[in-house]
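Subject: Handing over the structure

Hi,

Here is the structure I promised to pass on to you. Could you open it alongside this message and follow along as you read?

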Amino acid sequence: MLPGMIPIGYHRVHLDDQQFTLAVAPARCFSIADALHQSAPRAWGLSVQLYSLRRHGDGGFGDTRALETLLQGVAERGADALAISPVHAMFSSAPKHYSPYSPSSRLFLNSLYAAPASILGEEALHRAIEATGLQDELQRLEQLPLIDWPAATRARQTLLRQLYQDFIRQAHPLDADFQHFRQRGGEALENHCRFEALQELCVAEQHSLDWRDWPEQWRNPDSPALLQFAEEHRQTIAYYAFCQWLITSCLERAQATARASGMAIGLIADLAVGADGAGSQAWCRQDELLAQLTVGAPPDALNRAGQGWGISAFSPEGLKRSGFRAFIEMLRANFAHAGGLRIDHVLGLQRLWVIPLGHRPTRARTCITPSMTCCAWSAWSPCAIRPSSSVKTSVRCRKACGKSSANGRSWAFAYCCSSRTTVPASNPFWTGRMMPWPPPAPTTCQHSPAGCARVISTGTNAST
């Protein structure tokens, strides 16, 4: 018999010859009221696409140094939160695959957003740029009106490799911190970096980047062949771990800057609906992800053919067998460097429209994914708020603006956004200029942070 008072958290229960995970969740998620220590909180913040935050020397797209500058600026103006676009790990060997909502893994981060000088120093960065001869290319990329992702990615990765070579050439004072990061990351980090190294080899040998097409001995992360591969390519694997260490350190620094500047919440991270079935997370967690299915939406009045999004979903049975391990580690990873987490398509925590690979959305079925309990505890553990995205803008705005619900009561705690991912931002909507062409020259956010973001308001009867 279990004791009457079990503390909130995850517990491993051993009962005779059986064992299972017991999740004890709080009655609700950590809220804005808890973050602000107010019974009727009123707060506001901004949302930004991280890559759009431009600064001198950014190499063609935004990074965490520009993010720090914006955080300081909005904090001075009284903001308590800054929501950013997803920073999930992408495919380092596929620079043309750059949608943040179709990542390789939601457990790790996109190292391209790292600002190396923030961690390694300006001298190390300048030395690496000089060694690689990237000065002219970086300046060219900065002057482009639109981001050239393939070219910018190649330049940034060349720079990161040189920084890593300089880092290991002599005993660096931060080497102990890097080694501790690798040890703390454990098997999950090691497997992700092995996957990146495998894909790099596939590019060199002109093989498919999709692990589902790989030779049998590479499809299983625990195979003896992978152990041999890891030994033969240990420096490449260490390089990818170095990249993860850099971006993790940069995001930790950004969140620390937000809190030190007086923001009650700071960064609000963005959790994409899923990860690419050909990516690292699906390869590492094959028992818990449905890599042979893709998530989408059923036919409706707006799209009679339905939608297929090209991303994989969690396996309900696999999650149950593992005690929801893959889902829990994903939440912990995304709460780690932020004061809040926006969960895209929050209904996906209860049900998803899944489609067999190669079939049309009309051949799909509903998949039940009971995961809400884990969200409540995972939000309390780091004391982080958990806003979520609805697929119906009108419903969300009606709730958020304090309008009465079906039973006549107002919504006491809600948040509202002036826009979302599939409708225009506020300024284009008001001015009637949805997509100016040719696009304007890139601008910086150093002196006018409010001009680069959307407004988020929270609290009772909030409005924008």
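Below is what I found in it, going from the whole chain to single residues.

A word on the basis before you start. This is a predicted model, in which local features need pLDDT of at least 70 and side-chain atom pairs count only at pLDDT 80 or more, while totals for chains, interfaces and linings use all residues. Residues are numbered from 1 along each chain as its sequence is written, and side-chain values use heavy atoms, with hydrogens and water left out.

**The chain as a whole**

The protein chain has 16 helices and 16 strands; these are DSSP runs numbered from the N terminus, with helices being H or I of at least four residues and strands E of at least two. Of its 464 residues, 52% count as buried. Here buried means under 20% relative accessible area, exposed means over 50%, and partly exposed lies in between, with a 1.4 Å probe and protein chains only. About 22,900 Å² of the protein chain is exposed, and carbon and sulfur atoms supply 53% of that area; the areas come from the Shrake-Rupley method with a 1.4 Å probe, and for residues only the protein chains shown count as cover. Among contacts in the chain with a separation of 6 or more, 72% are between residues 24 or more positions apart, a contact being heavy atoms within 4.5 Å.

**Covered elements and strand pairing**

Strand β7 (residues 266–271) is a good place to begin: six of its six residues are buried. β7 pairs in the parallel sense with strand β4 (residues 81–84) over three bridges, and L267 of β7 is the bridge partner of L82. β7 also pairs with strand β12 (residues 340–343), again in the parallel sense, over four bridges. In that pairing, A269 is matched with L341 of β12. Pairing here requires at least two DSSP bridges between the strands.

Helix α13 (residues 325–335) is mostly covered too, with eight of its eleven residues buried. The buried ones are A326, F327, I328, E329, M330, L331, N334 and F335.

**Two helix packings**

How do α2 (residues 64–76) and α10 (residues 234–260) cross? Their axes come within 9 Å and cross at roughly 5°, so α2 is roughly parallel to α10. On the α2 side the contact is made by T64, L67, E68, L71 and Q72, and on the α10 side by I247, C250, L251, R253, A254, T257 and A258. By class, that contact has seven nonpolar, three polar and two charged residues.

The packing of α7 (175–204) with α9 (residues 224–232) has an angle of about 80°, and the axes are 11 Å apart. α7 is therefore roughly perpendicular to α9. R194, A197, L198 and L201 of α7 meet L226, L227, F229 and A230 of α9. The residues of this contact divide into seven nonpolar, no polar and one charged.

For the terms: axes are lines fitted to C-alpha atoms, for helices over the stretch in contact, and angles run from 0 to 180 degrees between N-to-C directions. Angles under 35 degrees count as roughly parallel, over 145 as roughly antiparallel, 65 to 115 as roughly perpendicular and the rest as oblique. Ala, Val, Leu, Ile, Met, Phe, Trp, Tyr, Cys and Pro count as nonpolar, Asp, Glu, Lys and Arg as charged, and the others, Gly among them, as polar.

**Single residues to look at**

W211 sits in the loop between α7 and α8 (216–219), and it counts as buried because its relative accessibility is 6%. Leaving out residues up to four places away in sequence, W211 touches F195, R219, G277, A278, G279, A282, W283, Q286 and A291. W211 and A282 are 71 residues apart along the chain, and their C-alpha atoms are separated by 9.2 Å.

D177, in helix α7, is partly exposed at 39% relative accessible area. D177 and W245 are 68 residues apart in sequence, with 8.9 Å from C-alpha to C-alpha.

Finally, which residues other than glycine have a positive phi? D16 has one of about 55°, and H37 has one near 55°. D16 is in the loop between β1 (9–15) and β2 (18–24) and counts as exposed at 79% relative accessibility. H37 lies in the loop between α1 (32–36) and β3 (42–48) and counts as exposed at 73%.

Best wishes
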